[in-house]
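Here is my note on the model, set out as numbered points that can be followed with the sequence and the coordinates side by side.

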Amino acid sequence: QVLLAESGGGLVQAGGSLRLSCAASRLTFGNYRMAWFRQAPGKEREFVAAINWSGGSTVYVDSVKGRFTISRDNAKNTVYLQVNSLKPEDTGVYYCAAALRGTRWYADMAQRPNTYNYWGQGTQVTVSS
C-alpha cells in the first residue's frame, strides 16, 4: 500500500518559515506528479503547489507565489514545500498528494484534487499574528 508521510509542520509567527516534507514509499516515485494542498478550518481543501516528475515544471496558487517553493528529490522519494513569509491565512492542514504522471505536464490538471491517486494524512501549520 502506498504511503505518503508529511512532516515539518508546526506553530510559527507571521513572517516565519517552515520546510514541509513528504516521504513516499511503495511507489515508483519518479513516475508521479506531486502536489501540496491545504485545508483551513471550515474551508474546502485548496491547491497550493505541484511539481512534475522531473522537477522541471511547477505551478502555484497565486496567493503563495514568491513565498512558497516546491521541490523534489527523486533519489530520496521526497517532495518538499519551503514556506516563507508566512501569514495567518496560511494556517491549515497541509496534505501531500501523488498522481501517476501522463505523457505531458498540464498545469491546470495539476491543480485538480480529483487527478491525484494518493494522499497523505497531513501536517498542521499554524501561523500566529
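**Notes on a predicted model**

1. A98 is a convenient residue to begin with, and A98 is buried, with a relative accessible area of 0%, in what is a predicted model. The residue belongs to strand 9, which covers residues 92-100. When residues up to four places away in sequence are not counted, A98 touches L4, L27, Y32, R33, M34, Y116, N117 and Y118. One of these partners, L27, is 71 residues from A98 in sequence, while the two C-alpha atoms are 9.7 Å apart in space.

2. L27 itself is placed in the loop between strand 3 (18-25) and strand 4, and with a relative accessible area of 13% this loop residue is buried, since buried means under 20%. Apart from neighbours within four places in sequence, L27 is in contact with V2, L4, Y32, N77 and A98. A further C-alpha separation, that of L27 and Q1, comes to 8.5 Å for two residues that are 26 residues apart along the chain.

3. Two residues deserve a look at their backbone angles. Most residues other than glycine have a negative phi. R26, although not a glycine, has a positive phi of about 65°; R26 lies in the loop between strand 3 and strand 4 and is exposed, with a relative accessible area of 63%. N77, likewise not a glycine, has a positive phi of about 55°, and its place is in the loop between strand 7 and strand 8 (78-83). At 24% relative accessibility N77 counts as partly exposed, and N77 is among the residues in contact with L27.

4. On aromatic contacts, the structure holds five aromatic pairs. In one of them, the rings of Y32 and Y118 have centres 6.2 Å apart and planes at 55°, so the pair is tilted. This pair links distant parts of the chain, with Y32 in strand 4 (residues 32-39) and Y118 in strand 10 (residues 118-119), 86 residues apart. How exposed or buried are the partners Y32 and Y118? Y32 is buried, with a relative accessible area of 10%, whereas Y118 is partly exposed, at 31%. Both Y32 and Y118 are also among the residues that A98 touches.

5. A second aromatic pair, formed by F37 and F47, is edge-to-face, with 5.6 Å from centre to centre and 75° between the planes. Because F37 lies in strand 4 and F47 in strand 5 (residues 46-51), the pair ties together parts that are ten residues apart in sequence. F37 is buried, with a relative accessible area of 0%, and F47 is buried as well, with a value of 7%. Together with Y116 and W119, F37 and F47 form one aromatic cluster.

6. R45 should be read alongside that cluster, for the charged end of R45 sits over the ring of W119, 4.8 Å from its centre, and W119 is one of the cluster members. The charged end of R45 also sits over the ring of Y95, where the distance to the ring centre is 3.9 Å.

7. A different arginine, R67, is found in the loop between strand 6 (58-60) and strand 7 (68-73). Is this arginine buried or exposed? At 9% relative accessibility, R67 counts as buried. Leaving out residues up to four places away in sequence, R67 touches Q82, V83, N84, S85, L86, K87 and D90.

8. Finally, the open space: the largest pocket has a volume of about 180 Å³. Its lining is made up of R33, N52, W53, L100, R101, G102, T103, R104, W105, Y106, M109 and A110, and by class these comprise six nonpolar, three polar and three charged residues. Two of the names connect with the first point, for R33, a lining residue, is touched by A98, and L100, also in the lining, falls within strand 9 (residues 92-100), the strand that holds A98.

Key
Residues numbered from 1 in each chain as written. Predicted model: local features only at pLDDT ≥ 70, side-chain atom pairs only at ≥ 80, totals over all residues. Heavy atoms only, no water. Phe/Tyr/Trp six-rings, centres within 6.5 Å; stacked < 30°, edge-to-face > 60°. Helix = DSSP H or I, 4+ residues; strand = E, 2+ residues; numbered from the N terminus. Buried < 20%, exposed > 50% of the residue type's maximum accessible area, 1.4 Å probe, protein only. Lys NZ or Arg CZ within 6 Å of the ring centre and 35° of its normal. Contact = heavy atoms within 4.5 Å. 1 Å grid on protein atoms, 1.4 Å probe; cavity = no way out; pocket = protein on both sides within 12 Å on 5 of 7 lines; lining within 4 Å. Points joined across faces, edges and corners; volume = space filled by probe spheres on them. Nonpolar A, V, L, I, M, F, W, Y, C, P; charged D, E, K, R; others polar.
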